Amino acid sequence: MTLVLVGVAVVVGFVLAYVNHITERPIAEKAQATLAQGIKDVMKVNDLTVTADDTVKTTVDGKEVSFVVHKTADKSGNPLGAAVESTTTGFGGDLKVLVGFDKDGKISGYTILQTSETPGLGAKADKWFQKPEDGGKGGKSCVIGLSPKDGDLTVSKDGGQVDAITASTITSRAFLKAINEAYQAYAKNNTDANSGATKQNKKG
C-alpha cells in the first residue's frame with residue numbers, strides 16, 4: 001500500500017511538473033502581449049516603440065520597492081514619456097497598475113494589470129478614474145491629465161482633488177498611491193538619465 005501511494009505521488013508530481021512546463025511559455029507570451037498592448041493603451045499612441053525597460057528601486061514606507069519604467073518614442077523617434085508598472089496593496093490584495101505619463105509628467109492613461117478587489121465595488125477602478133469616453137465617471141473622479149508633480153493625488157475625503165469610488169475608499173486610496181509612486185519612479189528615472197546614472201534592465 002505504501003509503495004502504491006508513493007508511486008501515485010511520484011506520477012502525479014511528474015504530471016503536474018510537465019503540465020507546468022508546457023504551459024509556462026504560453027502564459028509568459030500572453031503576459032508580454034498584454035503588457036505591450038497596455039503600454040500603447042496608456043500612452044494613447046498605437047504606433048510607438050519601447051526604447052528602454054528600466055528597473056527603478058526606491059524606498060516606500062521603509063521598504064525597497066521596484067518599479068519598471070517603459071520609456072517610449074513615436075515612429076520618428078521622438079520621446080513620448082513612459083509607462084510605469086506600480087504595485088500597492090488594496091482592499092483585497094495586490095493592486096498592480098500600469099500608468100502612462102507624457103513628457104510633462106501628466107497622466108495620459110492607465111490600466112489595471114492585476115487586482116483582487118471586490119467585483120462591483122473596488123474592481124470598478126479599471127474604469128472609474130478614466131474619461132467618460134473611455135467608460136469613466138469623469139469630473140473630479142478622472143485622473144487623466146492630472147500630474148502628481150506638485151503633490152500627491154489624494155481622494156476628496158482626505159482633502160484631495162479626486163472623488164473616490166462609491167463605497168470603496170480603501171481601493172481608491174490604494175489606486176492613487178500606486179499612481180503617486182509610479183510618478184516618483186518616473187521622475188527618478190528621468191533624473192538618473194539626465195545625470196548619467198546607470199540603470200538596470202535597460203533595453204536597446
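Among contacts in the chain between residues at least 6 apart in sequence, 47% join residues at least 24 apart; a contact here means heavy atoms within 4.5 Å. This is a predicted model, in which local features need pLDDT of at least 70, side-chain atom pairs count only at pLDDT 80 or more, and totals for chains, interfaces and linings use all residues. Residues are numbered from 1 along each chain as its sequence is written, and side-chain values use heavy atoms, with hydrogens and water left out.

**Overall make-up**

The chain has three helices and five strands, and from the N terminus its elements run α-β-β-β-β-β-α-α. Helices (H or I, at least four residues) and strands (E, at least two) are DSSP runs, numbered from the N terminus. Of the 204 residues in the chain, 38% are buried. Buried means under 20% relative accessible area, exposed means over 50%, and partly exposed lies in between (1.4 Å probe, protein chains only). The chain exposes about 11,600 Å², of which carbon and sulfur atoms supply 54%; accessible areas come from the Shrake-Rupley method with a 1.4 Å probe, and for residues only the protein chains shown count as cover.

**The sheet**

The five strands form an open sheet in the order 1-2-3-4-5, with antiparallel pairing. Strand 1 (48-60) and strand 5 (107-114) stand at the edges with a single partner strand each, so one side of each is left without a neighbour in the sheet. Neighbouring strands of this sheet are turned by 20 degrees against each other on average, direction ignored; axes are lines fitted to C-alpha atoms, for helices over the stretch in contact, and angles run from 0 to 180 degrees between N-to-C directions.

Strand 2 (residues 63-74) pairs with strand 3 in the antiparallel sense over six bridges. Two strands pair if DSSP finds at least two bridges between them. His70 has Ala83 in strand 3 as its bridge partner.

**Salt bridges**

A search of the whole structure finds five salt bridges. A salt bridge is a side-chain nitrogen of Lys or Arg within 4 Å of a carboxyl oxygen of Asp or Glu. Side chains of opposite charge can pair when their charged atoms come close. The table gives three of the pairs.

| Pair | Closest N to O |
|---|---|
| Glu85 and Lys96 | 3.2 Å |
| Arg173 and Asp158 | 2.9 Å |
| Lys177 and Glu181 | 2.5 Å |

The salt bridge of Glu85 and Lys96 links distant parts of the chain, with Glu85 in strand 3 (residues 79-89) and Lys96 in strand 4 (residues 94-102), eleven residues apart. Glu85 is buried at 11% relative accessibility, whereas Lys96 is partly exposed at 23%. Not counting residues up to four places away in sequence, Glu85 touches Leu35, Phe67, Val68, His70, Lys96, Val97, Leu98 and Leu113.

Arg173 forms its salt bridge with Asp158, and this pair also links distant parts of the chain: Arg173 is in helix 3 and Asp158 in the loop between helix 2 (125-128) and helix 3, 15 residues apart. Arg173 is partly exposed, with a relative accessible area of 36%, and Asp158 is partly exposed, with 43%.

Lys177 and Glu181 both lie in helix 3, four residues apart, about one turn of the helix. Lys177 is partly exposed at 30% relative accessibility, while Glu181 is buried at 10%. Asp61, Lys177 and Glu181 are linked in a network of salt bridges.

**Two loop residues and one helix residue**

Asp61 is found in the loop between strand 1 and strand 2 and is exposed, with a relative accessible area of 67%. Its phi is near 55 degrees, a positive value in a residue other than glycine. Ala167, in the loop between helix 2 and helix 3, has a positive phi of about 65 degrees although it is not a glycine. Ala167 is exposed at 66% relative accessibility. Most residues other than glycine have a negative phi, and most peptide bonds are trans.

Asn189 is in helix 3 (residues 169-195) and is buried, with a relative accessible area of 0%. The side chain of Asn189 makes a polar contact with the side chain of Asp54 at 3.1 Å. A polar contact is a pair of N or O atoms within 3.5 Å; within protein, one must be able to donate a hydrogen and the other to accept it, and residues adjacent in sequence count only if both atoms are side-chain atoms.
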